[in-house]
There are 2 protein chains.
Amino acid sequence: MLPWDLYVIITTSLGGGRPTLELVRQALAGGATAIQLREKELPARQLVALGREIRELTRSAGATFIIDDRLDVALAVEADGVHIGQEDLPAAIARRLLGPGRILGVSVGTVDQARQAVADGADYLGVGTLFATSSKGDAGEPIGLAGLKAIREAVTVPIVGIGGINSSNAAGVMAAGADGVAVISAVIGAPDITAAARELLAAVRQSRA
Amino acid sequence: MLPWDLYVIITTSLGGGRPTLELVRQALAGGATAIQLREKELPARQLVALGREIRELTRSAGATFIIDDRLDVALAVEADGVHIGQEDLPAAIARRLLGPGRILGVSVGTVDQARQAVADGADYLGVGTLFATSSKGDAGEPIGLAGLKAIREAVTVPIVGIGGINSSNAAGVMAAGADGVAVISAVIGAPDITAAARELLAAVRQSRA
(Lines give C-alpha, C1' and ligand atoms only; values in the text may rest on other atoms or scores of the structure.)
Protein backbone atom coordinates (compact mmCIF):
# COMPACT_ATOMS: atom_id res chain seq x y z
CA MET A 1 0.00 0.00 0.00
CA LEU A 2 1.20 3.49 -0.81
CA PRO A 3 1.95 5.96 1.97
CA TRP A 4 -0.97 7.83 3.54
CA ASP A 5 1.19 10.88 4.38
CA LEU A 6 -1.05 13.46 2.76
CA TYR A 7 -4.60 12.37 1.92
CA VAL A 8 -6.47 15.16 0.18
CA ILE A 9 -10.25 15.00 -0.02
CA ILE A 10 -11.79 16.71 -3.04
CA THR A 11 -15.21 18.29 -2.58
CA THR A 12 -15.51 20.79 -5.37
CA SER A 13 -17.83 23.15 -3.51
CA LEU A 14 -15.07 23.72 -0.92
CA GLY A 15 -12.47 24.49 -3.57
CA GLY A 16 -13.00 28.21 -3.96
CA GLY A 17 -14.80 27.98 -7.29
CA ARG A 18 -12.00 26.12 -9.04
CA PRO A 19 -12.84 23.09 -11.22
CA THR A 20 -12.51 19.62 -9.70
CA LEU A 21 -9.63 18.47 -11.88
CA GLU A 22 -7.71 21.66 -11.17
CA LEU A 23 -8.00 20.95 -7.44
CA VAL A 24 -6.70 17.43 -8.02
CA ARG A 25 -3.83 18.52 -10.25
CA GLN A 26 -2.64 21.16 -7.82
CA ALA A 27 -2.90 18.84 -4.81
CA LEU A 28 -0.87 16.21 -6.65
CA ALA A 29 1.66 18.83 -7.71
CA GLY A 30 2.10 19.62 -4.01
CA GLY A 31 2.79 15.97 -3.23
CA ALA A 32 -0.57 14.54 -2.13
CA THR A 33 -0.06 10.78 -1.74
CA ALA A 34 -3.78 9.98 -1.82
CA ILE A 35 -6.81 11.66 -3.36
CA GLN A 36 -10.38 10.99 -2.27
CA LEU A 37 -13.29 12.12 -4.43
CA ARG A 38 -16.10 13.09 -2.07
CA GLU A 39 -19.08 14.54 -3.92
CA LYS A 40 -22.31 13.69 -2.15
CA GLU A 41 -24.52 15.63 -4.57
CA LEU A 42 -23.29 14.50 -7.98
CA PRO A 43 -25.19 11.91 -10.04
CA ALA A 44 -23.29 8.68 -10.67
CA ARG A 45 -22.72 9.45 -14.34
CA GLN A 46 -20.82 12.64 -13.46
CA LEU A 47 -18.92 10.82 -10.72
CA VAL A 48 -17.83 8.21 -13.24
CA ALA A 49 -16.72 10.85 -15.74
CA LEU A 50 -14.74 12.75 -13.09
CA GLY A 51 -13.46 9.54 -11.55
CA ARG A 52 -12.00 8.38 -14.84
CA GLU A 53 -10.01 11.57 -15.22
CA ILE A 54 -8.82 11.50 -11.61
CA ARG A 55 -7.85 7.86 -12.12
CA GLU A 56 -5.46 8.95 -14.85
CA LEU A 57 -4.06 11.89 -12.89
CA THR A 58 -3.44 9.85 -9.74
CA ARG A 59 -1.92 6.99 -11.68
CA SER A 60 0.53 9.33 -13.38
CA ALA A 61 1.42 10.87 -10.03
CA GLY A 62 1.78 7.53 -8.27
CA ALA A 63 -0.95 8.48 -5.79
CA THR A 64 -3.71 6.33 -4.32
CA PHE A 65 -7.25 7.08 -5.53
CA ILE A 66 -10.21 6.52 -3.24
CA ILE A 67 -13.93 7.17 -3.90
CA ASP A 68 -16.21 8.20 -1.06
CA ASP A 69 -19.33 6.12 -0.42
CA ARG A 70 -20.15 4.89 -3.97
CA LEU A 71 -18.56 1.49 -4.14
CA ASP A 72 -20.14 0.91 -7.56
CA VAL A 73 -18.46 4.04 -8.90
CA ALA A 74 -15.15 2.96 -7.35
CA LEU A 75 -15.39 -0.33 -9.24
CA ALA A 76 -16.54 1.44 -12.40
CA VAL A 77 -13.51 3.71 -12.60
CA GLU A 78 -11.05 1.21 -11.17
CA ALA A 79 -10.23 3.38 -8.20
CA ASP A 80 -7.84 1.88 -5.68
CA GLY A 81 -10.60 1.73 -3.13
CA VAL A 82 -13.64 3.15 -1.43
CA HIS A 83 -14.07 5.08 1.80
CA ILE A 84 -17.22 4.62 3.83
CA GLY A 85 -18.65 6.51 6.77
CA GLN A 86 -20.93 5.23 9.46
CA GLU A 87 -23.96 6.15 7.28
CA ASP A 88 -22.69 4.45 4.15
CA LEU A 89 -22.71 0.76 3.19
CA PRO A 90 -22.00 -1.54 6.15
CA ALA A 91 -18.25 -2.23 6.12
CA ALA A 92 -18.56 -6.01 6.05
CA ILE A 93 -20.76 -5.82 2.95
CA ALA A 94 -18.45 -3.31 1.32
CA ARG A 95 -15.50 -5.63 1.97
CA ARG A 96 -17.32 -8.52 0.28
CA LEU A 97 -18.45 -6.50 -2.75
CA LEU A 98 -15.05 -4.88 -3.16
CA GLY A 99 -13.06 -8.10 -3.14
CA PRO A 100 -9.57 -8.42 -1.68
CA GLY A 101 -7.78 -6.44 -4.37
CA ARG A 102 -9.09 -2.98 -3.47
CA ILE A 103 -8.69 -0.79 -0.41
CA LEU A 104 -11.49 -0.32 2.11
CA GLY A 105 -11.33 2.71 4.37
CA VAL A 106 -13.77 3.38 7.18
CA SER A 107 -14.44 6.55 9.19
CA VAL A 108 -14.43 5.94 12.93
CA GLY A 109 -14.62 8.15 15.98
CA THR A 110 -14.44 5.65 18.84
CA VAL A 111 -12.41 2.61 19.86
CA ASP A 112 -15.50 0.40 19.45
CA GLN A 113 -16.10 1.64 15.91
CA ALA A 114 -12.41 1.14 15.12
CA ARG A 115 -12.38 -2.44 16.37
CA GLN A 116 -15.60 -3.20 14.48
CA ALA A 117 -14.27 -1.67 11.25
CA VAL A 118 -11.10 -3.76 11.44
CA ALA A 119 -13.15 -6.88 12.18
CA ASP A 120 -15.27 -6.05 9.13
CA GLY A 121 -12.19 -5.86 6.92
CA ALA A 122 -11.09 -2.22 6.84
CA ASP A 123 -7.62 -1.68 5.36
CA TYR A 124 -7.21 1.75 6.96
CA LEU A 125 -9.21 4.02 9.23
CA GLY A 126 -10.08 7.69 8.93
CA VAL A 127 -10.05 8.79 12.57
CA GLY A 128 -11.82 11.94 13.68
CA THR A 129 -13.13 14.47 13.85
CA LEU A 130 -9.91 15.50 15.62
CA PHE A 131 -10.41 19.26 15.83
CA ALA A 132 -13.30 21.60 15.13
CA THR A 133 -13.78 22.09 11.38
CA SER A 134 -16.25 23.64 9.00
CA SER A 135 -15.64 21.29 6.05
CA LYS A 136 -17.93 18.47 7.15
CA GLY A 137 -21.20 19.61 8.65
CA ASP A 138 -22.00 16.15 9.95
CA ALA A 139 -18.64 15.57 11.60
CA GLY A 140 -19.77 15.55 15.25
CA GLU A 141 -17.86 16.53 18.39
CA PRO A 142 -14.05 16.56 18.11
CA ILE A 143 -12.33 13.57 19.73
CA GLY A 144 -8.96 15.29 19.98
CA LEU A 145 -5.54 13.71 20.08
CA ALA A 146 -6.53 11.65 23.13
CA GLY A 147 -9.27 9.98 21.07
CA LEU A 148 -6.80 9.29 18.27
CA LYS A 149 -4.26 7.80 20.69
CA ALA A 150 -6.86 5.47 22.19
CA ILE A 151 -7.76 4.16 18.73
CA ARG A 152 -4.08 3.87 17.80
CA GLU A 153 -3.55 1.61 20.80
CA ALA A 154 -6.56 -0.54 19.90
CA VAL A 155 -5.83 -1.39 16.25
CA THR A 156 -2.84 -1.96 14.00
CA VAL A 157 -4.15 -0.92 10.56
CA PRO A 158 -2.96 2.41 9.13
CA ILE A 159 -4.72 5.48 10.48
CA VAL A 160 -5.22 8.86 8.86
CA GLY A 161 -6.33 11.64 11.17
CA ILE A 162 -9.07 13.93 9.90
CA GLY A 163 -10.80 17.12 10.94
CA GLY A 164 -9.27 20.53 11.35
CA ILE A 165 -5.72 19.45 10.55
CA ASN A 166 -3.28 22.05 9.22
CA SER A 167 0.49 22.51 9.04
CA SER A 168 0.61 23.81 12.63
CA ASN A 169 -1.02 20.79 14.28
CA ALA A 170 -0.04 18.01 11.84
CA ALA A 171 3.08 17.05 13.81
CA GLY A 172 0.96 16.49 16.90
CA VAL A 173 -1.41 14.26 14.94
CA MET A 174 1.50 12.17 13.73
CA ALA A 175 2.99 12.03 17.22
CA ALA A 176 -0.34 10.71 18.49
CA GLY A 177 0.02 7.72 16.20
CA ALA A 178 -1.41 8.65 12.81
CA ASP A 179 0.18 7.33 9.62
CA GLY A 180 -0.92 10.38 7.70
CA VAL A 181 -3.28 13.33 7.64
CA ALA A 182 -6.50 13.78 5.69
CA VAL A 183 -7.56 17.30 4.84
CA ILE A 184 -10.14 19.12 2.80
CA SER A 185 -10.12 22.91 3.27
CA ALA A 186 -6.52 23.14 4.50
CA VAL A 187 -5.44 22.19 0.99
CA ILE A 188 -8.21 22.74 -1.55
CA GLY A 189 -9.52 25.84 0.22
CA ALA A 190 -6.08 27.49 0.22
CA PRO A 191 -5.30 30.29 -2.27
CA ASP A 192 -2.23 28.32 -3.39
CA ILE A 193 -3.21 24.65 -3.22
CA THR A 194 0.16 23.31 -4.29
CA ALA A 195 2.03 25.35 -1.70
CA ALA A 196 -0.45 24.36 1.03
CA ALA A 197 -0.07 20.67 0.17
CA ARG A 198 3.70 20.94 0.10
CA GLU A 199 3.82 22.65 3.49
CA LEU A 200 1.53 20.08 5.07
CA LEU A 201 3.44 17.17 3.58
CA ALA A 202 6.70 18.63 4.92
CA ALA A 203 5.17 18.87 8.39
CA VAL A 204 4.07 15.23 8.22
CA ARG A 205 7.45 13.99 7.02
CA GLN A 206 9.45 16.12 9.44
CA SER A 207 7.42 14.66 12.30
CA ARG A 208 8.90 11.26 11.46
CA ALA A 209 12.51 12.47 11.22
CA MET B 1 -38.12 -13.21 -15.86
CA LEU B 2 -41.27 -12.45 -13.91
CA PRO B 3 -44.08 -10.44 -15.47
CA TRP B 4 -43.77 -6.66 -15.51
CA ASP B 5 -47.54 -6.13 -15.38
CA LEU B 6 -47.58 -3.77 -12.44
CA TYR B 7 -44.27 -2.19 -11.48
CA VAL B 8 -44.66 -0.02 -8.40
CA ILE B 9 -41.98 2.49 -7.55
CA ILE B 10 -41.58 3.29 -3.87
CA THR B 11 -40.50 6.80 -2.95
CA THR B 12 -41.54 7.26 0.63
CA SER B 13 -42.02 11.02 0.42
CA LEU B 14 -44.78 10.46 -2.18
CA GLY B 15 -46.58 7.91 0.00
CA GLY B 16 -48.80 10.22 2.02
CA GLY B 17 -46.79 9.97 5.21
CA ARG B 18 -47.00 6.18 5.45
CA PRO B 19 -43.86 4.17 6.27
CA THR B 20 -41.89 2.64 3.41
CA LEU B 21 -42.59 -0.97 4.31
CA GLU B 22 -46.30 -0.26 4.64
CA LEU B 23 -46.31 1.12 1.09
CA VAL B 24 -44.56 -2.03 -0.11
CA ARG B 25 -46.86 -4.41 1.77
CA GLN B 26 -50.00 -2.75 0.49
CA ALA B 27 -48.75 -2.60 -3.09
CA LEU B 28 -47.87 -6.30 -2.97
CA ALA B 29 -51.24 -7.09 -1.42
CA GLY B 30 -52.82 -5.42 -4.46
CA GLY B 31 -50.82 -7.61 -6.81
CA ALA B 32 -47.76 -5.56 -7.75
CA THR B 33 -45.49 -7.86 -9.76
CA ALA B 34 -42.39 -5.70 -9.30
CA ILE B 35 -41.26 -3.22 -6.65
CA GLN B 36 -38.59 -0.61 -7.23
CA LEU B 37 -37.03 1.22 -4.27
CA ARG B 38 -36.25 4.75 -5.41
CA GLU B 39 -34.94 6.91 -2.59
CA LYS B 40 -32.49 9.48 -3.89
CA GLU B 41 -31.94 11.14 -0.51
CA LEU B 42 -31.30 8.19 1.81
CA PRO B 43 -27.77 7.23 2.92
CA ALA B 44 -26.62 3.81 1.75
CA ARG B 45 -26.86 2.29 5.21
CA GLN B 46 -30.58 3.09 5.42
CA LEU B 47 -31.09 1.87 1.86
CA VAL B 48 -29.49 -1.44 2.78
CA ALA B 49 -31.64 -1.78 5.90
CA LEU B 50 -34.83 -1.03 3.97
CA GLY B 51 -33.72 -3.09 1.02
CA ARG B 52 -33.21 -6.17 3.15
CA GLU B 53 -36.77 -5.95 4.45
CA ILE B 54 -38.21 -5.34 1.00
CA ARG B 55 -36.16 -8.28 -0.29
CA GLU B 56 -38.02 -10.52 2.15
CA LEU B 57 -41.44 -9.06 1.37
CA THR B 58 -41.02 -9.32 -2.39
CA ARG B 59 -39.60 -12.83 -2.17
CA SER B 60 -42.61 -13.98 -0.14
CA ALA B 61 -44.95 -12.35 -2.64
CA GLY B 62 -43.14 -13.75 -5.68
CA ALA B 63 -42.45 -10.23 -6.95
CA THR B 64 -39.35 -8.83 -8.61
CA PHE B 65 -37.28 -6.38 -6.56
CA ILE B 66 -35.31 -3.63 -8.25
CA ILE B 67 -33.17 -0.89 -6.69
CA ASP B 68 -32.91 2.51 -8.34
CA ASP B 69 -29.43 3.85 -9.19
CA ARG B 70 -27.34 2.26 -6.39
CA LEU B 71 -25.93 -0.86 -7.95
CA ASP B 72 -23.80 -1.48 -4.87
CA VAL B 73 -26.91 -1.50 -2.69
CA ALA B 74 -28.68 -3.83 -5.14
CA LEU B 75 -25.79 -6.28 -4.80
CA ALA B 76 -25.66 -5.80 -1.03
CA VAL B 77 -29.31 -6.76 -0.49
CA GLU B 78 -29.45 -9.33 -3.28
CA ALA B 79 -32.11 -7.45 -5.16
CA ASP B 80 -33.13 -8.94 -8.49
CA GLY B 81 -31.66 -5.99 -10.29
CA VAL B 82 -30.95 -2.30 -10.63
CA HIS B 83 -32.66 0.45 -12.60
CA ILE B 84 -30.60 3.28 -13.99
CA GLY B 85 -31.56 6.59 -15.52
CA GLN B 86 -29.62 8.64 -18.01
CA GLU B 87 -27.82 10.42 -15.12
CA ASP B 88 -26.87 7.23 -13.28
CA LEU B 89 -24.05 4.78 -13.99
CA PRO B 90 -23.43 4.23 -17.69
CA ALA B 91 -25.46 1.15 -18.67
CA ALA B 92 -22.54 -0.79 -20.14
CA ILE B 93 -20.61 -0.40 -16.89
CA ALA B 94 -23.64 -1.34 -14.82
CA ARG B 95 -24.06 -4.47 -16.95
CA ARG B 96 -20.46 -5.49 -16.31
CA LEU B 97 -20.56 -4.84 -12.57
CA LEU B 98 -23.94 -6.52 -12.18
CA GLY B 99 -22.98 -9.73 -13.91
CA PRO B 100 -25.37 -11.79 -16.02
CA GLY B 101 -27.49 -13.07 -13.13
CA ARG B 102 -29.25 -9.83 -12.25
CA ILE B 103 -31.66 -7.61 -14.13
CA LEU B 104 -30.60 -4.31 -15.63
CA GLY B 105 -33.32 -1.76 -16.38
CA VAL B 106 -32.69 1.54 -18.13
CA SER B 107 -34.88 4.63 -18.44
CA VAL B 108 -35.18 5.84 -22.03
CA GLY B 109 -37.21 8.50 -23.78
CA THR B 110 -36.09 8.16 -27.39
CA VAL B 111 -35.47 5.44 -29.96
CA ASP B 112 -31.75 6.24 -29.91
CA GLN B 113 -31.56 5.88 -26.16
CA ALA B 114 -33.52 2.63 -26.35
CA ARG B 115 -31.21 1.13 -28.98
CA GLN B 116 -28.16 2.21 -26.99
CA ALA B 117 -29.53 0.77 -23.76
CA VAL B 118 -30.18 -2.58 -25.41
CA ALA B 119 -26.73 -2.56 -26.99
CA ASP B 120 -25.30 -1.85 -23.52
CA GLY B 121 -27.09 -4.86 -22.08
CA ALA B 122 -30.42 -3.65 -20.68
CA ASP B 123 -32.86 -6.46 -19.82
CA TYR B 124 -35.88 -4.15 -19.87
CA LEU B 125 -36.60 -0.51 -20.55
CA GLY B 126 -38.56 2.04 -18.58
CA VAL B 127 -40.09 4.15 -21.36
CA GLY B 128 -41.38 7.63 -20.70
CA THR B 129 -42.32 10.09 -19.52
CA LEU B 130 -45.55 9.09 -21.30
CA PHE B 131 -47.93 11.63 -19.81
CA ALA B 132 -47.52 14.72 -17.65
CA THR B 133 -46.83 13.77 -14.04
CA SER B 134 -45.81 15.40 -10.80
CA SER B 135 -43.97 12.41 -9.29
CA LYS B 136 -40.62 12.95 -10.97
CA GLY B 137 -39.53 16.54 -11.20
CA ASP B 138 -36.78 15.72 -13.68
CA ALA B 139 -38.98 13.71 -15.99
CA GLY B 140 -38.90 16.02 -19.03
CA GLU B 141 -41.45 16.52 -21.80
CA PRO B 142 -43.99 13.69 -22.26
CA ILE B 143 -43.32 11.49 -25.28
CA GLY B 144 -46.88 10.14 -25.44
CA LEU B 145 -48.07 6.84 -26.84
CA ALA B 146 -46.50 7.68 -30.21
CA GLY B 147 -43.10 7.83 -28.54
CA LEU B 148 -43.72 4.51 -26.84
CA LYS B 149 -44.82 2.87 -30.11
CA ALA B 150 -41.70 4.05 -31.90
CA ILE B 151 -39.49 2.52 -29.21
CA ARG B 152 -41.58 -0.67 -29.21
CA GLU B 153 -40.90 -1.05 -32.93
CA ALA B 154 -37.17 -0.49 -32.46
CA VAL B 155 -36.37 -3.01 -29.70
CA THR B 156 -37.54 -6.41 -28.52
CA VAL B 157 -36.74 -6.33 -24.79
CA PRO B 158 -39.64 -5.93 -22.35
CA ILE B 159 -40.90 -2.38 -21.91
CA VAL B 160 -42.67 -0.80 -18.99
CA GLY B 161 -44.35 2.50 -19.64
CA ILE B 162 -43.90 5.22 -17.03
CA GLY B 163 -45.21 8.69 -16.31
CA GLY B 164 -48.78 9.67 -15.51
CA ILE B 165 -50.23 6.19 -15.96
CA ASN B 166 -53.48 5.35 -14.14
CA SER B 167 -56.30 2.83 -14.53
CA SER B 168 -57.98 4.97 -17.20
CA ASN B 169 -55.07 5.15 -19.60
CA ALA B 170 -53.27 1.86 -18.79
CA ALA B 171 -55.05 -0.09 -21.54
CA GLY B 172 -53.83 2.41 -24.11
CA VAL B 173 -50.27 2.05 -22.86
CA MET B 174 -50.48 -1.72 -23.21
CA ALA B 175 -52.04 -1.41 -26.66
CA ALA B 176 -49.12 0.78 -27.70
CA GLY B 177 -46.80 -2.13 -26.96
CA ALA B 178 -45.84 -1.99 -23.30
CA ASP B 179 -45.36 -5.21 -21.32
CA GLY B 180 -46.43 -3.53 -18.12
CA VAL B 181 -46.92 -0.21 -16.41
CA ALA B 182 -44.71 1.54 -13.87
CA VAL B 183 -46.36 3.91 -11.43
CA ILE B 184 -45.53 5.91 -8.35
CA SER B 185 -48.32 8.21 -7.20
CA ALA B 186 -51.15 6.29 -8.87
CA VAL B 187 -50.54 3.52 -6.37
CA ILE B 188 -48.58 4.74 -3.35
CA GLY B 189 -50.26 8.15 -3.38
CA ALA B 190 -53.74 6.61 -3.34
CA PRO B 191 -55.78 6.59 -0.12
CA ASP B 192 -56.24 2.82 -0.53
CA ILE B 193 -52.98 1.55 -2.02
CA THR B 194 -54.09 -2.07 -2.29
CA ALA B 195 -57.30 -1.18 -4.10
CA ALA B 196 -55.46 1.18 -6.44
CA ALA B 197 -52.92 -1.52 -7.30
CA ARG B 198 -55.64 -4.09 -7.86
CA GLU B 199 -57.57 -1.79 -10.18
CA LEU B 200 -54.49 -0.94 -12.21
CA LEU B 201 -53.42 -4.56 -12.48
CA ALA B 202 -56.90 -5.50 -13.66
CA ALA B 203 -56.73 -2.82 -16.35
CA VAL B 204 -53.36 -4.16 -17.53
CA ARG B 205 -54.51 -7.75 -17.64
CA GLN B 206 -57.85 -7.00 -19.28
CA SER B 207 -55.98 -5.15 -22.02
CA ARG B 208 -54.40 -8.47 -22.99
CA ALA B 209 -57.64 -10.46 -22.95
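## A tour from the chain interface outward

Select chain A and chain B together: between them there are 15 residue pairs in polar contact, both residues at pLDDT 80 or more, where a polar contact is a pair of N or O atoms within 3.5 Å, one of which, within protein, must be able to donate a hydrogen and the other to accept it, residues adjacent in sequence counting only if both atoms are side-chain atoms. On chain A, colour α2 (44–61), α3 (71–76) and α4 (91–98), each of which supplies at least two residues of the side that touches chain B; helices (H or I, at least four residues) and strands (E, at least two) are DSSP runs, numbered from the N terminus. The residues on that side of chain A divide into twelve nonpolar, three polar and eight charged, with Ala, Val, Leu, Ile, Met, Phe, Trp, Tyr, Cys and Pro taken as nonpolar, Asp, Glu, Lys and Arg as charged, and the others, Gly among them, as polar.

Before going further, note that this is a predicted model, in which local features need pLDDT of at least 70 and side-chain atom pairs count only at pLDDT 80 or more, while totals for chains, interfaces and linings use all residues. Residues are numbered from 1 along each chain as its sequence is written, chains are lettered from A and ligands numbered from 1 in the order in which they are written, and side-chain values use heavy atoms, with hydrogens and water left out.

Colouring by pLDDT (the predictor's confidence in each residue, from 0 to 100) is a useful next step: chain A averages 95, and 96% of its residues score at least 70. For the complex, the predictor gives an ipTM of 0.91 and a pTM of 0.94.

Return to the interface, where 23 residues of chain A are in contact with 23 residues of chain B, contact meaning heavy atoms within 4.5 Å. About 1800 Å² is buried between the two chains, 54% of it from carbon and sulfur atoms; buried area is the accessible area (1.4 Å probe) that two parts lose on being put together, summed over both.

Next select A:Arg70 and B:Asp69, which form a salt bridge with their closest N and O atoms 3.2 Å apart; the term denotes a side-chain nitrogen of Lys or Arg within 4 Å of a carboxyl oxygen of Asp or Glu. Two salt bridges are counted between chain A and chain B.

Now superpose the copies, by least squares on the C-alpha atoms of residues with pLDDT of at least 70 in both: a turn of 180° and a shift of 0.0 Å along the axis lay chain A on chain B with an RMSD of 0.0 Å. That is the relation of a two-fold axis. To find the axis, select A:Asp72, whose C-alpha, at 2.6 Å, comes closest to it of the residues of chain A.

Move to helix α1 (residues 20–29) of chain A, where A:Arg25 and A:Glu22 are three residues apart and therefore separated by about one helical turn. Their side chains meet in a salt bridge (3.2 Å, N to O).

Finish in the loops. A:Asp69, between β3 (64–68) and α3 of chain A, has a positive phi of about 70° although it is not a glycine. The peptide bond from A:Gly128 to A:Thr129 is cis, with omega near 0°, and A:Thr129 lies in the loop between β6 (124–127) and α6 (144–154).
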